[in-house]
Amino acid sequence: MLLREVTFTVDLGENGYLIGFDDDYDIPRQMPFGWRCGPATEYLAVVLPTTDTGPLQMTVQVHDAPPGPETGDGWETAEEMSLPAEAPTLCLATIGQGDFWDAWPEDEPPLEMPPPADGGDWVRMRLYCHADDPTPGIGDHGERHLIQLWHAPLTDPVHPPLSDADRQARAQYAADMATPVDDYTTEYPNHYSDEGLDT
């Protein structure tokens, strides 16, 4: 049974959004290239939309049991993963250039999961996506996401198979993340002096 549904618009940053039951946001340790969602940290998932920057309509639903499949609205094949939920309140943030912005609408009360019947602390997330314009880019792509949440034991994720290009993109991201920040810095000589300046 559907317990709560919230629909709102999110202004995306350049790297998708984080979702889960923890507000200790961090840059994803890996990016789920080839999938729509994947683990970002121990407690959060990262979602990669079609839209690079621009609006996305999001609907979040809380159910008391696994909902039936959505067959209308031109949804892509759903993906699923389990999220740890030691705290009940859902957290949502968009990812910019090294920064995060709280994306939960200010005019909506926080979304909280009801206490689990079995005392478990895992929530299953099912993600549906649709974009009128499936070509990645900025602006309005008519993108919509439906996120369905319900208490369920930890189970294996459901994702499409990866291509070789996806694996290469993941490996490149992992290599970039492993590169020390010092390797990206350069020192330039200072050819200027204060000679001739008024004192």
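**Pocket.** I went for the empty space before anything else, and the largest pocket in this predicted model holds about 190 Å³. Next I pulled up the residues around that space. Gly13, Glu14, Asn15 and Gly16 line the largest pocket, and so do Leu48, Pro49, Thr50, Thr51 and Asp52. Arg36 and Pro136 complete the lining. What is the split into nonpolar, polar and charged residues in this lining? I get three nonpolar, five polar and three charged.

**Overall layout.** I then stepped back to the secondary structure. The protein has 10 strands and one helix. Along the sequence I read β-β-β-β-β-β-β-β-β-β-α, with the helix after the strands. I also checked how far apart in sequence the contacting residues are. Of the contacts with a separation of 6 or more, 78% are between residues 24 or more positions apart. As for burial, 40% of the 199 residues are buried.

**Main core.** I looked up the largest nonpolar core, and it has 29 residues. Which of its members touch the most other members? My list reads Tyr17, Ile19, Met58, Val60, Met125, Ile147 and Leu149. I mapped this core onto the strands, looking for elements that give two or more residues to it. Strand 1 (2-12), strand 2 (17-20), strand 4 (44-47) and strand 5 (54-63) qualify. Further along, strand 6 (79-84), strand 9 (122-131) and strand 10 (143-151) do as well.

**Second core.** I found another core lying apart from that one, made of eight residues. Among them are Ala40, Val46, Leu48 and Tyr173. I had already met Leu48 in the lining of the largest pocket.

**Met58.** I picked Met58 for a closer look and left out its neighbours within four places in sequence. Met58 is in contact with Val6, Thr7, Phe8 and Val10. Tyr17 and Leu92 are also on its contact list, together with His145 and Ile147. Two of these partners, Tyr17 and Ile147, I had noted with Met58 among the core residues that touch the most other members.

**Cysteines.** I searched for disulfides and the structure holds zero. Where is the nearest cysteine sulfur to Cys37? That sulfur belongs to Cys129 and is 7.7 Å away. Going the other way, the nearest cysteine sulfur to Cys129 is that of Cys37. A disulfide would need the sulfurs within 2.5 Å, and neither Cys37 nor Cys129 is in one. I checked exposure too: Cys37 is buried, at a relative accessible area of 0%. Cys129 is likewise buried, at 2%.

Notes:
Residues numbered from 1 in each chain as written. Predicted model: local features only at pLDDT ≥ 70, side-chain atom pairs only at ≥ 80, totals over all residues. Heavy atoms only, no water. 1 Å grid on protein atoms, 1.4 Å probe; cavity = no way out; pocket = protein on both sides within 12 Å on 5 of 7 lines; lining within 4 Å. Points joined across faces, edges and corners; volume = space filled by probe spheres on them. Nonpolar A, V, L, I, M, F, W, Y, C, P; charged D, E, K, R; others polar. Core = buried A, V, L, I, M, F, W, Y, C linked by side-chain atoms within 4.5 Å. Buried < 20%, exposed > 50% of the residue type's maximum accessible area, 1.4 Å probe, protein only. Helix = DSSP H or I, 4+ residues; strand = E, 2+ residues; numbered from the N terminus. Contact = heavy atoms within 4.5 Å.
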